[in-house]
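Subject: Handing over a structure, with notes

Dear colleague,

I am passing this structure on to you, and I would be grateful if you could look through it before reading my notes underneath.

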Amino acid sequence: MVAQTVRAAVAGASGYAGGELLRLLLGHPGVRIGALTANSNAGQTLGSLQPHLLPLAGRVLEATSAEVLAGHDVVFLALPHGQSAAVAEQLGDEVLVIDVGADFRLKDAADWERFYGSAHAGTWPYGLPELPGARAALEGSKRVAVPGCYPTAVSLALFPAYEAGLAEPEAVVVAASGTSGAGRAAKPHLLGSEVMGSMSPYGVGGGHRHTPEIVQNLSAVAGEPVTVSFTPTLAPMPRGILATCTAKARPGTTAQAVRDAYEKAFADEAFVHLLPEGRWPATASVYGSNAVQIQVTYDEHANRIIAISAVDNLTKGTAGGALQSMNIALGLPEDTGLSTIGVAP
Ligand SMILES: NC(=O)C1=CN([C@@H]2O[C@H](COP(=O)(O)OP(=O)(O)OC[C@H]3O[C@@H](n4cnc5c(N)ncnc54)[C@H](OP(=O)(O)O)[C@@H]3O)[C@@H](O)[C@H]2O)C=CC1
Ligand SMILES: CC(=O)N[C@@H](CCC(=O)OP(=O)(O)O)C(=O)O
């Protein structure tokens with residue numbers, strides 16, 4: 001049992017991230033759900049937009065405002081990029097504000113302006129607890145910036161190689177994402193007829209806004225600038241990310257040293273599963289769960305470390321990661337309300 005009960009509001013409850021937050025919050029023993037807000041869907045019932053959330057079906061969505069979000073212990077912001085900062089600054093210092101958008105992830109204002117095209121709002125403690133030093137920064141924090149879904153998958157797959165000094169500071173990443181990563185708002189390229197039965201790249205050539213976030217994470221662990229060639233691809237599935245990440249190995253690297261580095265990095269992590277040698281991650285195995293599957297190998301012919309990760313973009317990649325960070329910030333057991341049990345087939 002959790003002794004403490006907190007009241008949590010979700011802004012953006014009509015969206016994919018907001019819906020996943022509510023699915024997980026409904027199963028969290030220490031949370032009561034308070035205000036639910038939306039934008040164009042304000043006035044609608046949650047049941048008309050998120051029919052899978054039966055216990056909340058009759059709740060009416062309110063327009064997003066600081067007044068509606070006031071009086072809660074925790075406020076989750078699941079809003080489009082650039083919308084969180086104005087709301088957050090009106091909420092006061094005592095409330096725990098967890099932004100699942102990008103507004104407070106980047107440290108470098110020039111990176112923010114280049115990739116998001118607006119003024120940088122600031123930097124909050126980063127909600128990827130498995131990264132070296134991240135967990136301590138989240139403890140007791142009143143602000144959390146939840147990572148992007150691709151940076152979650154890629155940073156977890158590669159940081160142990162940099163932490164152990166085994167990889168050169170030039171990584172190549174190709175990652176496939178399910179369509180829910182793009183949010184609920186209709187997008188022509190996501191029409192079923194175009195996405196079904198096809199895979200396609202986008203954001204090629206360093207243009208994707210998750211590139212500076214991945215670079216920030218890996219460079220901090222490596223202690224030197226790491227360049228990342230990142231190519232996202234869209235896959236015909238609703239959820240999931242499979243990230244294939246490689247880096248040239250430093251001289252003297254052995255397969256055993258690589259294995260040891262990854263076993264050490266994840267030995268105490270509840271959600272990251274380094275698979276037994278010979279088994280490879282699959283998105284279906286983490287569907288709807290907060291688990292991360294990782295496998296790593298050393299290709300000695302190509303002299304490259306190859307690390308592959310699978311996450312559910314909406315769970316560990318967004319809402320599950322947000323709850324994990326909330327638990328740490330509130331001093332609750334980190335896995336409260338979170339499961340590593342998926343759905344199969
Ligand atoms: N989908 C994913 O896998 C991930 C998403 N995220 C982040 O979560 C956030 C939400 O994404 P997602 O749920 O996918 O997007 P959706 O498009 O599915 O939902 C967006 C939500 O924001 C609301 N909204 C739209 N415009 C405004 C506005 N101008 N002011 C206030 N609220 C607004 C929408 O309300 P209404 O429906 O009423 O218009 C809706 O509730 C984004 O920042 C995204 O980057 C992070 C990691 C992964
Ligand atoms: C398939 C797809 O379109 N995915 C999204 C990533 C969503 C996400 O995690 O990112 P943010 O929180 O930074 O929006 C994209 O590539 O823009």
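The notes below go through the ligand shells, two of the helices and two loop glycines.

Please keep in mind throughout that this is a predicted model. From the UniProt record, an unreviewed entry, comes the feature "domain: Semialdehyde dehydrogenase NAD-binding", which is placed at residues 7-139. Over that stretch the chain is 27% helix and 17% strand, and the C-alpha atoms at its two ends lie 19 Å apart.

Ligand 1 has 30 residues around it, and those that come nearest are G15, A38, G101, G183 and R184. Two elements, α1 (16-25) and α11, each give two or more residues to this shell, and α1 gives the most, with 3 residues. Sorted by class, the shell around ligand 1 holds 11 nonpolar, 18 polar and 1 charged residues. It also draws on both domains, with at least three residues from domain 1 (6-146 + 316-330) and at least three from domain 2 (150-313).

Around ligand 2 the residues are G101, A102, G148, C149, S177, G181, A182, P232 and L234, and this shell divides into 5 nonpolar, 4 polar and no charged residues. G101 is thus named both among the residues that come nearest to ligand 1 and among those around ligand 2.

C149, one of the residues around ligand 2, is covered by the annotation "active site" in the unreviewed UniProt entry. Is C149 buried or exposed? With 30 other C-beta atoms within 10 Å, C149 counts as buried, because the cut-off for that class is 20 or more. C149 lies in helix α7, which runs over residues 149-163. This helix has 15 residues and reaches 21 Å from its first C-alpha to its last, close to the 21 Å expected at 1.5 Å a residue, although there is a kink of about 35° in α7, centred on S155. Helix α7 is mostly covered, as 14 of its 15 residues are buried, and it is followed by G165, whose phi is positive, near 70°.

Helix α11, which also gives residues to the shell around ligand 1, spans residues 315-330, and although it has 16 residues its end C-alpha atoms are only 20 Å apart, short of the 22 Å that a straight helix would reach at 1.5 Å a residue. There is a kink of about 45° in α11, and its centre is at G321. Burial is found along the helix, with 16 of its 16 residues buried, and α11 is followed by G331, which has a positive phi near 80°.

Finally, two glycines in loops may help you to find your way around the chain. G82 is found in the loop between β4 (74-77) and α4 (84-88), and it is partly exposed, with 16 other C-beta atoms within 10 Å. G82 and V174 are 92 residues apart in sequence and 27 Å apart in space, taken from C-alpha to C-alpha. G288 is found in the loop between β11 (272-274) and β12 (292-299), and with 18 other C-beta atoms within 10 Å it is partly exposed. G288 and D312 are separated by 24 residues in sequence, while their C-alpha atoms are 6.3 Å apart in space.

With kind regards

Note on methods:
Residues numbered from 1 in each chain as written. Chains lettered and ligands numbered in written order. Predicted model: local features only at pLDDT ≥ 70, side-chain atom pairs only at ≥ 80, totals over all residues. UniProt positions renumbered as here; feature names shortened; annotations may be inferred. Helix = DSSP H or I, 4+ residues; strand = E, 2+ residues; numbered from the N terminus. Expected span 1.5 Å × (residues − 1). Bend = angle between axes of the 7 residues up to and from the residue. Buried ≥ 20, exposed ≤ 12 C-beta atoms within 10 Å, placed from the backbone. Near = placed C-beta within 6 Å. Nonpolar A, V, L, I, M, F, W, Y, C, P; charged D, E, K, R; others polar. Domains from an automatic or database assignment.
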